[in-house]
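Let's take a walk through this one together, starting with a word on how contacts are counted and then moving from the sheet outwards. Have the view open and turn it as we go.

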Amino acid sequence: MIREEKIQIPFVYAAGQAGSRFLVALRDDGRIMGSACAACGHVSVPTRSFCPACSESDLSDVELAGEGNLVSWTEIPGRGVFALINLDGADGALLHRLIDSPDKLAVGQRVRAQFAETRKAHISDLAGFVVTGAGP
Amino acid sequence: MNRAAIIGTGQTRHARRRDDLSQPELVREACTAALADAGIGQKDIDAVVIANMELFEGRALPELWVGEGAFATGKPCMKIATGGTSGTSGCIAGFHQVASGLFDIVLVVGFEKHSEGHTQTGMALTDPFWDRTVASGALGNFALSISQYMVDRGVTEEQAAKVAVKARRNAARNPYAHLQMPDITEQEVLDSKMLAHPVRMLDMCPQSDGACAIVIAAESKAKKYCDQPAWIRATATRHQQPYIGDIDHRLTSMETLRSAARSVYAAAGIRDPLKELDVAEIYEPVSYAELAWYEALGFCEDGEAGRLIEDGVTEMDGELPVNPSGGVLSTNPVGASGVIRVAEAASQIMGRAGEHQVQGAKTALATGYGVYAWADAMILGTAP
């Protein structure tokens with residue numbers, strides 16, 4: 001005998017102290033915030049409560065440029081281009097997507113953030129990144 | 001086997017909702033407190049054990065997402081998920097890692113954020129053929145066994161209400177406890193809403209958001225960092241998940257907990273637990289469970305649990321204070337609850353339990369309980 005069931009469970013998720021600061025700055029001001037670690041100097045994005053490089057918790061928020069370099073990318077037919085982007089001033093990369101990407105994508109290309117017109121404190125408030133030129 | 005001891009504990013403030021913090025931030029709050037209590041830094045931690053029931057939060061692989069909160073980055077880290085026993089099993093796993101000689105210092109942290117999910121649905125995802133449509137989560141399946149236990153042992157609703165009152169009055173002396181009901185009365189318990197016969201609202205544990213961490217150290221490190229470590233003298237786990245209908249007189253026999261208790265008492269040389277234990281932190285999800293556990297743990301003869309609570313034997317000023325912290329009945333973040341039992345027992349041994357300290361506690365018992373019949377037990381002492 002085979003039994004079929006469908007399970008639906010409601011969830012809420014708390015973004016927490018650091019995550020909430022990132023989402024609010026993104027929604028209200030169209031700013032991309034990161035965290036600078038006083039212990040090791042690592043700058044991570046999005047904002048964190050503890051440093052991903054050294055685990056210490058003495059961090060301060062820093063505003064990052066809306067521009068950076070394409071670190072790595074993949075294109076999934078029908079779903080678009082997913083990308084890791086190293087924003088200027090950050091050590092870590094931000095996971096997001098490219099929009100209006102050119103035919104020829106290349107690691108190191110310059111990209112710029114585009115923000116959604118209506119924002120709701122979600123990662124999709126960043127509509128995505130567009131390629132603006134060849135890398136350095 | 002090498003000697004091992006608990007040298008520090010840390011808890012979050014427990015509450016119905018901790019939506020001020022993300023899961024990693026909640027875990028970090030407990031871990032930071034535990035490291036401070038132990039007087040060590042994150043570099044001193046060799047390995048991390050995380051206890052959690054991830055279905056309750058709806059995010060797979062909690063050891064991945066909250067690991068950085070637990071200082072686990074770049075270190076050995078694993079998750080223990082065994083229902084209500086997750087926390088005690090996590091502590092015992094950490095003990096095994098130190099006692100084996102593999103690691104000198106292991107951080108164990110348990111957490112749960114019930115407010116983020118739907119615990120009842122998670123609990124109902126038991127066997128889809130024989131359980132799911134005829135049982136009802138944690139409360140229903142437990143309540144099912146109480147009617148038989150009451151007949152077997154002559155336990156009354158009034159005796160259960162005394163347990164519920166004792167827990168909440170003890171919790172009033174514990175600043176971390178979730179429920180703060182210092183003026184609760186037995187009549188209020190008896191008048192509270194019926195949830196699942198015979199369990200009323202105030203007979204039942206709450207659902208809490210919270211985390212708790214302990215630091216386990218090998219002998220040399222324990223002596224270096226702690227004046228009075230809580231030595232882990234014995235541990236036992238008894239995990240069992242049979243068809244419920246096959247467990248003969250489930251709460252009356254509670255064979256897994258009896259077996260775990262016999263094992264740790266024998267290992268620690270304890271013959272009369274009521275006299276030789278100074279304090280116990282036991283996992284009682286429902287008032288009636290505490291009475292059943294008194295018998296399974298040998299605090300009294302079978303059938304004498306009601307008398308034990310009526311005579312005040314397990315009150316703070318009784319012969320064996322049970323759950324000075326207020327227990328699971330006052331605070332229940334499931335993955336953390338077993339760690340809280342161990343942490344509270346350890347704090348008693350270390351003399352760091354604050355307003356709910358049992359003076360001069362030298363030997364303590366901590367237990368875990370999960371799903372139908374899983375059980376863990378641990379004996380802590382002032383000497384190895």
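Before anything else, a working rule: two residues count as being in contact if their C-beta atoms, placed from the backbone, lie within 7 Å. Keep in mind too that what you're looking at is a predicted model.

With that rule in hand, look at helix 3 of chain B. This helix lies across strand 1, strand 2 (47-51), strand 3, strand 4, strand 7, strand 8, strand 10 (363-370) and strand 11 (374-381) of chain B. Against strand 4 of chain B, helix 3 runs at about 170°. There's a second helix to find here: helix 10 of chain B, residues 255-268, packs on the sheet and touches strand 8, strand 10 and strand 11 of chain B. Its direction makes about 145° with that of strand 8 of chain B.

Now for the sheet itself. In chain B, 9 strands make an open sheet in the order 3-2-4-7-1-8-11-10-9, and the pairing is mixed. Strand 3 (77-80) and strand 9 (279-281) of chain B sit at the edges, each pairing on one side only. On average, neighbouring strands of this sheet are turned by 25° against each other, ignoring direction. Partway along that order, strand 1 of chain B meets strand 8 of chain B (residues 230-238), and these two pair in the antiparallel sense over 2 bridges. If you want a spot to zoom in on, Ile6(B) stands opposite Ala230(B) in strand 8 of chain B.

Step back and chain B splits in two. The domain assignment gives domain 1 as 4-119 + 208-225 and domain 2 as 132-175 + 190-204 + 232-381. The C-alpha centres of these two domains of chain B lie 23 Å apart. Where they touch, domain 1 of chain B puts in 35 residues and domain 2 of chain B puts in 32. On the domain 1 side, strand 1 (4-11), helix 3 (86-99), strand 4 (105-113) and strand 7 (209-218) of chain B each supply at least two residues. Helix 3 of chain B turns up again here, giving the largest share of that side with 8 residues. By type, the domain 1 side of this contact comes to 16 nonpolar, 17 polar and 2 charged residues.

Helix 1 of chain B (residues 23-38) deserves a look of its own. Its 16 residues reach 23 Å from first C-alpha to last, close to the 22 Å expected at 1.5 Å a residue. Of those 16 residues, 13 are buried, so helix 1 of chain B is largely enclosed by the rest of the structure. Right after the helix comes Gly39(B), with a positive phi near 70°.

Helix 1 also leads us across to the other chain. Here 19 residues of chain B are in contact with 18 residues of chain A. On the chain B side, the elements giving two or more residues are helix 1 and helix 4 (119-124) of chain B. That side divides into 5 nonpolar, 9 polar and 5 charged residues.

Finish in chain A, with two hairpins. Strand 4 (residues 67-76) and strand 5 (residues 80-87) of chain A run antiparallel, joined by 8 bridges, and Ser72(A) has Leu84(A) as its bridge partner. Between these strands of chain A are 3 residues, and Gly78(A) takes a positive phi near 90°. Strand 5 of chain A is also joined to strand 6 (residues 94-98) of chain A by 5 bridges, again antiparallel, with Leu94(A) as the bridge partner of Ile85(A). This hairpin of chain A has 6 residues between its strands, and Gly89(A) in the turn has a positive phi of about 95°.

Key
Residues numbered from 1 in each chain as written. Chains lettered and ligands numbered in written order. Predicted model: local features only at pLDDT ≥ 70, side-chain atom pairs only at ≥ 80, totals over all residues. Domains from an automatic or database assignment. Helix = DSSP H or I, 4+ residues; strand = E, 2+ residues; numbered from the N terminus. Nonpolar A, V, L, I, M, F, W, Y, C, P; charged D, E, K, R; others polar. Pairing = 2+ DSSP bridges. Axes fitted to C-alpha atoms, helices over the stretch in contact; angles between N-to-C directions. Expected span 1.5 Å × (residues − 1). Buried ≥ 20, exposed ≤ 12 C-beta atoms within 10 Å, placed from the backbone.
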